[in-house]
Amino acid sequence: MSKRKDLSMATAKKLLPVSIFYNANVAFALASLQGVNIPMYIAIKRITPLAVLVSGFLRGKGKPPTQVSLSVVCTALGVLVAALGDFSFDLYGYSMALTSVFFQTMYLILVEKSGADDGLSSMELMFYNSILSIPFLFFIIIATGEFPHSLVVLSEKTASVSFTVILLISLVMGIVLNYTMFWCTLVNSALTTTIVGVLKGVGSTTLGFVVLGGVKVHALNVTGLVINTFGGVWYSYAKYTQKKKMPRKIAPDEVTSPQVAPGSVLR
């Protein structure tokens, strides 16, 4: 167990870029949903592993194993194929989603770097990110006109028991998601976190097609998503075999990927 550290302004300043990129990712992701359906949004976000891989190479982290590189390229290829079958193509939605990919890549890389350089735990990173996010989120809801109208809607909805239960469940799931994301990034790497996201998206994509409705499904959509998912599974297999060749060590995504103990250095 890591000891609790007092709130540090110096640490907050260092983590300010993480919070900026994190909230920019959220804002552009939500904006993209105005023009992109859920399954295609998830598919576009699966380009993130390729962006992280390229970024790591440009930062001098070395060339990753061939199977890791090919599996990541496979996930990106699946996105391209799926997009070709998206007849509801919306330039604005795609632009917002791709911008969100950029910001997600940046904040995951910064989280990985913060854990290696500053010795922060996943809980500490999440705490600082939550505090620093408050002014950014407040600015967003004012700029988009959601405030104060959102307070009126919230006060009306709180009378509903089902809404309150769903809200609480969503809050708990959000906390768990952010914690595990930071933890995974610090213990493994930014690339592994994005690939795990690809596999998680399989369920989200399926639910998006079946539950939400209103989505025109084309053979290219399905083919692209299958290729995309196969790339995620391939990556997992490549990492598993790589780890077996390196006993008692966590197989890095890149040659010099930093490794961090779960309870000490840090989504």
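Tutor: A nonpolar core is a set of buried Ala, Val, Leu, Ile, Met, Phe, Trp, Tyr and Cys residues joined through side-chain atoms within 4.5 Å. Keep that in mind for this structure, which is a predicted model.

Student: How many helices and strands does the protein have?

Tutor: Read along the sequence, the pattern is α-α-α-α-α-α-α-α-α-α. No strand appears in that pattern. The count is ten helices and zero strands.

Student: Which residues touch the most other members of the largest nonpolar core?

Tutor: This core has 27 residues. In general, nonpolar side chains in soluble globular proteins tend to be buried together. The residues with the most contacts to other members are Leu15, Val72, Tyr107, Val111, Leu125, Leu191 and Tyr235.

Student: Which helix gives the most to this core?

Tutor: Several helices each supply at least two residues, among them α3 (48-58), α4 (66-84), α5 (91-118) and α10 (219-244). α1 (9-32) is also one of them. With six residues, the top contributor is α1.

Student: How many residues are in the other core?

Tutor: This core lies apart from the largest one. Its members include Ala29, Met40, Ile42 and Ala97. The number of residues is eleven.

Student: Is helix α2 largely enclosed by the rest of the structure, or why would its residues count as exposed or buried?

Tutor: α2 spans residues 38-45. Its buried residues include Tyr41, Ala43 and Lys45. Seven of its eight residues are buried, so α2 is largely enclosed by the rest of the structure.

Student: Is Pro39 buried or exposed?

Tutor: Pro39 lies in helix α2. Buried means under 20% relative accessible area. At 1% relative accessibility, Pro39 therefore counts as buried.

Student: What distance separates the C-alpha atoms of Pro39 and Ala82?

Tutor: Along the chain, Pro39 and Ala82 are 43 residues apart. In space, their C-alpha atoms are separated by 9.6 Å.

Student: Where does α6 bend?

Tutor: α6 covers residues 122-143 and has 22 residues. It reaches 31 Å from its first C-alpha to its last, close to the expected 32 Å. The bend is about 35 degrees, and a proline, Pro135, follows within four residues. The bend sits at Ser133.

Student: Is Ser133 itself buried or exposed?

Tutor: Several residues of α6 have little accessible area, under the 20% cut-off for buried. Among them are Leu125, Tyr128, Leu132 and Ser133. Ser133 is buried.

Student: Which peptide bond is cis?

Tutor: In general, most peptide bonds are trans. Pro148 is found in the loop between α6 and α7. The bond leading to Pro148 has omega near 10 degrees. The cis bond runs from Phe147 to Pro148.

Student: What phi does Gly145 take?

Tutor: Most residues other than glycine have a negative phi. Gly145 comes just after α6. Its phi is positive, at about 80 degrees.

Student: Which helix gives the most to the nonpolar patch on the surface?

Tutor: The patch includes Phe138, Phe147, Leu154 and Leu168, and its residues together have about 700 Å² of accessible area. α6, α7 (149-157) and α8 (161-187) each supply at least two residues. With three residues, the leading helix is α8.

Student: How does Leu151 count, and what is its relative accessibility?

Tutor: Leu151 belongs to the nonpolar patch and lies in helix α7. Partly exposed lies between the 20% and 50% cut-offs. Leu151 counts as partly exposed because its relative accessibility is 46%.

Technical notes: Residues are numbered from 1 along each chain as its sequence is written. This is a predicted model: local features need pLDDT of at least 70, side-chain atom pairs count only at pLDDT 80 or more; totals for chains, interfaces and linings use all residues. Side-chain values use heavy atoms; hydrogens and water are left out. The expected span of a helix is 1.5 Å times one less than its number of residues. The bend at a residue is the angle between axes fitted to the seven residues ending there and the seven starting there. Buried means under 20% relative accessible area, exposed over 50%, partly exposed in between (1.4 Å probe, protein chains only). Patches are made of residues with over 30% relative accessible area and no salt bridge: like charges are joined within 9 Å, nonpolar side chains (Val, Leu, Ile, Met, Phe, Trp, Tyr) within 5 Å. Accessible areas come from the Shrake-Rupley method with a 1.4 Å probe; for residues, only the protein chains shown count as cover. A salt bridge is a side-chain nitrogen of Lys or Arg within 4 Å of a carboxyl oxygen of Asp or Glu.
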